[in-house]
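Here are some exercises to work through with the model open beside you. Try each task yourself before reading its solution.

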Amino acid sequence: MRIEADRDRCEGLGMCEAMAPDFFEVGDDGRVVVHEEHPDEEHRQDLTAAVDACPVLALKLRD
Amino acid sequence: MTLVVVGASLAGLRAVESARRVGYDGRIVLIGAEEQLPYDRPPLSKAFLDPDGPASVEPFRSETELREDLGVELMLGAPADGLDTEVREVSVSGTMVRYEALVLATGATARRFPGSDGCAGVHTLRTAQDAAAVRAGLDRGARTVVIGAGFIGSEVASAARKRGLPVTVVETLDLPLVRSVGRQVGSVCADLHRAAGTDLRLSTQVMRLEAADGVVTGVRLSTGEVLPADLVVAGTGVYPATRWLEGSGVPLHERDRGVVCDATLSTGLSGVYAAGDVAHVVNPLFDDESMRLEHWTNAAEQGAAAARHALDPAAARPLAAVPYFWSDWYGHRIQFVGTSRAEEVVVAVPAEAGFTALYRRGDRIVGALTVDRPREIMKYRRRIAARGSWAEAVAFAATTGAVA
């Protein structure tokens, strides 16, 4: 599983950080920083919640 | 089995998507008042108003994706106009649609300024059509008056100033947004307007519209002054779109007629759940306060949950979300998490270095508002979700104060 973050689309609204703080954070430039691009399968639920919660649809999970 | 979702905006779309995600393979009917496929509303008062903004509103999903990939029957272009909860039927312009599970997600309708009907140049901003009309006015270089210093109105003012156009915001109260964020924050919001060159008229009412040949020419204020205007945008709030539910047995709120739900989004009627702007929902995280929120994240989350619960009521669980909204003013980002119904509001970081206000109930932090501090807002949200201590939140804020 791989996290894909479109940093051009990202507006730094931070919902991903709210849903899965171990994996996402709003960085110094006001856009998402992905802490772990290849997370373990056990985190799928939180990561899916983060992807769904993004108001600008900037996140994807790829298998 | 048929799942009927009434309302084809974000909450309705997420209802449909989550039904398929949990493996429901029965019939789904999505009913929407607007012709358009479900689309995203926050950009309508932001990027869409830019001179180089998108020419049209992109739907979240194509018609093929909705019909074929998600297997949804679309009934768009006419609103649901009746509900019979005995025989379990929704009516849409004379067509009856049977349901076993029902999600009410009809959202809210913008309040029009009295006298706007038939007066060109006067708009609200809720739909793609509204946004196109407002943008066309800005494209013509309109002198703009915004009625109401709320979030939508302030974003319109921001769009006008970005183009260098003159804009006046007229607000009845003595500070913007006092009811939603309190006085200290309202005062910071007033400063944002003034710093950007917006003419902010507080404690002032628009008495009526002035028009010539059916086209607006200005607004008459309670001070007697007439402000010339080619574009007037009313940002004076919304009301839940529930007239079609009157007399149906669905419980409606005595004040605004929104749908009254418990913490699982249930209306109390078998199989009938509600989501998004239309719904008053009990929130266990904030002393079981019933909240009706007009926020993107709220619509997305409740829409998904309402469909799951409607399809499998035995598995319904209370939601306990921390409300979140954001607004973009003159290049500044305002973000709010939690609730502003608080016993105390403390300005933790002064406006010179961004701005942070924290909201306290008892010994808990229940809300936080920041301006231009996007790295911090979700740290507060987590504290609020965990019923975190006030003292610790204030101490955290103190560590963030030095640098903007």
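**Exercise 1. A pair of facing residues**

Find the residue that stands opposite B:Gly82 in strand 5 of chain B, then follow strand 5 to its neighbours.

Step 1. The residue facing B:Gly82 is B:Ser91 of strand 5 of chain B. Before going on, note that this is a predicted model, in which local features need pLDDT of at least 70, side-chain atom pairs count only at pLDDT 80 or more, and totals for chains, interfaces and linings use all residues. Residues are numbered from 1 along each chain as its sequence is written, while chains are lettered from A and ligands numbered from 1 in the order in which they are written.

Step 2. Strand 4 (residues 82-84) of chain B pairs with strand 5 of chain B in the antiparallel sense, over three bridges. Here strands (E, at least two residues) and helices (H or I, at least four) are DSSP runs numbered from the N terminus, and two strands pair if DSSP finds at least two bridges between them.

Step 3. Four residues lie between the strands of this hairpin of chain B, and B:Arg88 takes a positive phi near 60° there.

Step 4. On to strand 6 (residues 95-98) of chain B: four bridges join it to strand 5, and the two run antiparallel. B:Glu89 stands opposite B:Arg98 of strand 6. The hairpin of strands 5 and 6 of chain B has two residues between its strands, and B:Ser93 in the turn has a positive phi of about 45°.

Step 5. Now look at the side chains. In a regular strand they alternate between the two faces of the sheet. Along strand 5 (residues 89-92) of chain B, B:Val90 and B:Val92 point to one face and are buried, whereas B:Glu89 and B:Ser91 point to the other and are not. A residue is buried if 20 or more other C-beta atoms, placed from the backbone, lie within 10 Å of its own, exposed if 12 or fewer, and partly exposed in between.

**Exercise 2. Checking a helix**

Test whether the span of helix 6 of chain B agrees with its number of residues.

Step 1. The expected span is 1.5 Å times one less than the number of residues.

Step 2. Helix 6 (residues 183-195) of chain B has 13 residues, so it should span 18 Å; its end C-alpha atoms are 18 Å apart, which agrees.

Step 3. Among the buried residues of helix 6 of chain B are B:Val185, B:Val188, B:Cys189 and B:Leu192. After the helix comes B:Gly197, with a positive phi near 85°.

**Exercise 3. Two open sheets**

Work out the strand order of two open sheets in chain B.

Step 1. One has three strands in the order 13-14-15, with antiparallel pairing. Its edge strands are strand 13 (206-212) and strand 15 (226-228) of chain B, each pairing on one side only. Six bridges join strand 13 to strand 14 (residues 215-221) of chain B, and B:Arg208 has B:Arg220 of strand 14 as its bridge partner.

Step 2. Another has five strands in the order 22-23-26-25-24, also with antiparallel pairing. Strand 22 and strand 24 (344-349) of chain B are at the edges with a single partner strand each, so one side of each has no neighbour in the sheet.

Step 3. Within this second sheet, strand 25 (residues 356-361) and strand 26 (residues 364-371) of chain B pair over six bridges. There B:Arg360 stands opposite B:Ile365.

**Exercise 4. Unusual phi values**

Which residue in the loop between strand 22 and strand 23 of chain B should you inspect?

Step 1. Most residues other than glycine have a negative phi.

Step 2. The loop between strand 22 (324-329) and strand 23 (332-338) of chain B holds B:Tyr330, whose phi is positive, about 50°, although it is not a glycine.

Step 3. B:Tyr330 counts as partly exposed because it has 17 C-beta neighbours inside 10 Å.

**Exercise 5. Where the chains meet**

How many residues of chain A are in contact with chain B?

Step 1. The solution is 12 residues of chain A, in contact with 11 residues of chain B. Contact requires C-beta atoms, placed from the backbone, within 7 Å.

Step 2. Helix 1 of chain A gives the largest share of the side of chain A that touches chain B, three residues.

Notes: Two residues are in contact if their C-beta atoms, placed from the backbone, lie within 7 Å.
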